[in-house]
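Biologist: Mind if I quiz you on the labels you put on this one? I'd like to hear the cut-off behind each call.

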Amino acid sequence: MSDRYTIKMPQLSDTMTEGVLVSWEKNIGDPVSRGDIVATVETDKAIMDVEVFREGFLSGPLAEIGSTIPVNDPIGFIVASVEEVVSEGALDGGASQSLPLETDSDTPAENITETSITPSAEPEGTVAVIKMPQLSDTMTEGVVVSWEKKPGDKITRGTIVAQVETDKAIMDVEVFQEGYLSGPIVAEDSVVPVGGAMAYLVEQKDQVISDTAVPSSLPDASTQAVPSSSTNKMGARPASTTASLPKAGHPAPRPKNAVASPYARRLAGEKGIDINRIHGTGPGGAIVAEDILHAIGQQGPAAAAPEIHVPGDGRPMNPMEQAICQSMTASLTMPTFHVSIHAKPEKLTQAAKKAGISVTVAIAKACAVAMQKHPSLNWAYQPEYRIVERSNIDIGMAVAVEGGLVVPVLRHCEDRDLDDLNNDWKALLDKARSRRLTPDDYANPTFMVSNMGMMGVSYFDAIPTPGTAAILAISTTTEQGMPLTITADHRVVNGADVAQYLQTLKQTIEQPESWMGPMGPAIPEGNWDYDVVVIGGGPGGEDCARDLAGHGIKVAMINDAPFPGGECLWRGCIPSKAWRAAADRIRDRAHDAHLGVKGTTKTSLDWNALEKTRRNVLETRGDMALKTDKGVRIDVIQGYGRFETDHSLFVDTSGNSDDPHVRATPGNGKEGRSISFGCAVIATGAPPFVPPIPGAEEGLKSGGVLTSDTVWSLKNPPRKLAVIGGGAIGVEMAQIFQDFGSEVILLEAMPKILQEVEQEIAGQLATILNEDPNLTVYTNAKANKISGKPGKMTLTFSDADNKAHTFTCDHILMATGKRPMLDGLQLDKAGVESENGVIRANARCQTSVPHIFAVGDVIGGLMLAHTAGQQGRVAASTILGEDMKYDESKDSGVIFTRPEAAFVGLSVTQAKEKGIDAVEVKMPMSIDAKAMITNETLGMIKIVADKKTERIIGVHFLADHADTLIGEGVMMVSGEMTLSQVAQAIHPHPTQTEMFGEMARRLLSRLRRSKK
């Protein structure tokens, strides 16, 4: 029985001190091979397998199922022959301290408890051994810093008995059993291997002894004994004498289709060897240490990191130095490259000082802001051939402390505010300087920053460590700026990824106001003609100019027409609603009969009277706007503005016209003047876009093809009209003219109309439109050719089944969207950047030039008048030094069909794309009493809410009078109201607004049921 092998309770996690035996997977007397699973145990984290690496037969006594056994205590045995099997008896957890502790040469060092405290030295009545815990992944030994309790003290569960120094910090040793502290106790400043005995707990106070013990160190390879012949009989190979057991790093995972010894797995993990590519030479093809050593030799010096003989008498590294050495050695296995850029840090430094935060924290946040646009820099390589994609941005920042370097980690930089991060960083620095960082404070950064610029270093590149894809090195600032150098893992990111990230980071650092908020008024000091020049007099430009003028800012507004109002007033919102109002009256008359009102259904349209009203509204509104602008002291200048520099522009007045109903055209530049400005706001809108359909350009010239600019020139409603484009303009115009009596077809290239509208709402509206007697909607359609002349145009198109059609009509209306015309602005002379045909601007409407802003259609997104107006107010606030952002997730829109489609906030699909667990409730208009009375029962209303917070994040409509109903939805979403608040609000009856309360109550009820 002397050769029996002890199966012990393994330490399967850093925090594990004991385990519960869940099951035996082998019976007493069963043969056992290397790599067999003999039992399962429950740790503090999971149920794990107990794997053995000896051959023989399972023998008792066995620990009972359900018993709790301390780490490293016996749970059973393996013997060499059937004759040696013991079947009787069982082990009680913790009752076997006097059993001999045999070890296997392939067992990891951290599972071997070897100190000068021998079993015979244990005091009588020992109930637990206090051992050196493993408090970090790289820890193999610890130094006893102090004893917080002395022999004879009563110990209860959770008592801290000692402090130990790891490779990174000073940590507490906590025990989870009861008794009295007893010797032999290791002295303070002793080095004890992980798992080594430090002291004991005894049952009775009179059993306490006060002896001191001196611990031994980890076994060295030169002193490891070769297994006895009896061990070799069981198939074990002699231990290799060519390399010592690794003292740090994670073991490699178990190979997929083979068996590997713990020694081999630990060695493979330490040296970065892919164990699945190793051919085992041990018994049954098992992978042993010599196989790993052979692979290291083949891989070459960088992977093997050979030890080089250096003459002299070297001192031992301290634990921190050892950890750095091991980490940097592992880094040599990474295929890295370097990319550099310069950034001007002055504004970031100024902003950090104003906010009262550390510049280090501001840089970390800037890195996280940029990384949200380039997430691959936050990923990591995982052997073998896997990429870990992480959304949490945990930035480690190197800090020099006495004895080495530590890297505290700021967690979740992507969604925490600067004050919170700054307070966290102060606490981390205090802990780092006192050597009291815990593993949670320094483990597993996703990105790293090293700032040696503060030490005057002109240039350096840093070394990333496994588990990260990149590290940022910051050097001292020169005339070119602050050098930023990324060293990146080429397995995860490529040069373009890093270059794009650095470009974004540069902009983030140089424009901190874009994410930190304004640092004060944006108008730079200077002798300017105007504090602010606004280019464009539509809703965005006019609202911006008025807000600025209201604060006493000297403003000029450059407008290409004699009256302000822009696209909305002269060619969009207002004139189309005049036509819509006439169409609504025609439709309303059809509803009168069911209420008993007769003689109203035979309607006719007086086109000239309608047009007189429309033009009068436009001219009256335009005149009112101009008088208001001048009344608040805005200098309104008619002409086209184009940049000369980033602080001056030329106003071209050579093409000025007195007709506000026709879009103005640029002049030849022969008349005009230059003006200087502190800030500028670009609000020039976007004209209609006409796609390159054969014949379209010729049709525009002849007048047979119309756009939202020229449709207002019609002398009468066309008898037949083709509309190309199923966006808001196309859908509204198609139904308006069918209500006027025209035969209309609508072509949309996408599978559904109204891409900006919630999918079910858009689908129902398409069905309703197709039921109109004179309107046919084709989706997935393609316009192939246009020909003819005004009054007799021909459109050839293909439907969703690729079937060819020909439609002869009076006119073809191009409603294919709008695109900004940026060429005439000469943005390059001001340094303003554009992307994909629109000006690039942030949520505060700042362009790439911090004192130049852009709002409305020129920056893309929702090209709506009220959107431009809000963005104009945002730009004005930012210029004034106030903190305001445009939030598209709270924007709204109405499509003026019958019934009207409308939205505010997010749909369920949009919410889930943003990571929000959203839920919706909907109610058909057909159950509403008011809708039944007016015979307006088509459509529905939806409410979308965040399931977690119950906050309303979207409301969607298909209903008559949605333009009025949406006001309540806007307040719900913008006010971040909850379902409970809406449910408890008292809505008047009978109105359609009471549907909101009913829907909120229904959804709340559903959510309560789902939680049960």
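Biologist: Why is Glu 513 called buried?

Modeller: Buried means under 20% relative accessible area, exposed over 50%, partly exposed in between (1.4 Å probe, protein chains only). Glu 513 has 5% relative accessibility, so the label is buried. Keep in mind that this is a predicted model: local features need pLDDT of at least 70, side-chain atom pairs count only at pLDDT 80 or more, and totals for chains, interfaces and linings use all residues. Residues are numbered from 1 along each chain as its sequence is written, and side-chain values use heavy atoms, with hydrogens and water left out.

Biologist: What makes Lys 347 and Glu 513 a salt bridge?

Modeller: The rule wants a side-chain nitrogen of Lys or Arg within 4 Å of a carboxyl oxygen of Asp or Glu. Here N to O is 3.2 Å, and that passes. The pair links distant parts of the chain, with Lys 347 in helix α6 and Glu 513 in helix α11, 166 residues apart. Helices here are DSSP runs (H or I, at least four residues), numbered from the N terminus.

Biologist: And what is Lys 347, buried or exposed?

Modeller: In between: at 29% Lys 347 is partly exposed.

Biologist: How do you know that Cys 573 is in no disulfide?

Modeller: A disulfide needs two cysteine sulfur atoms within 2.5 Å. The nearest cysteine sulfur to Cys 573, that of Cys 568, is 3.0 Å away, so the pair fails. The count for the structure is 0 disulfides.

Biologist: How many salt bridges are there?

Modeller: The structure has 42.

Notes
Helices (H or I, at least four residues) and strands (E, at least two) are DSSP runs, numbered from the N terminus.
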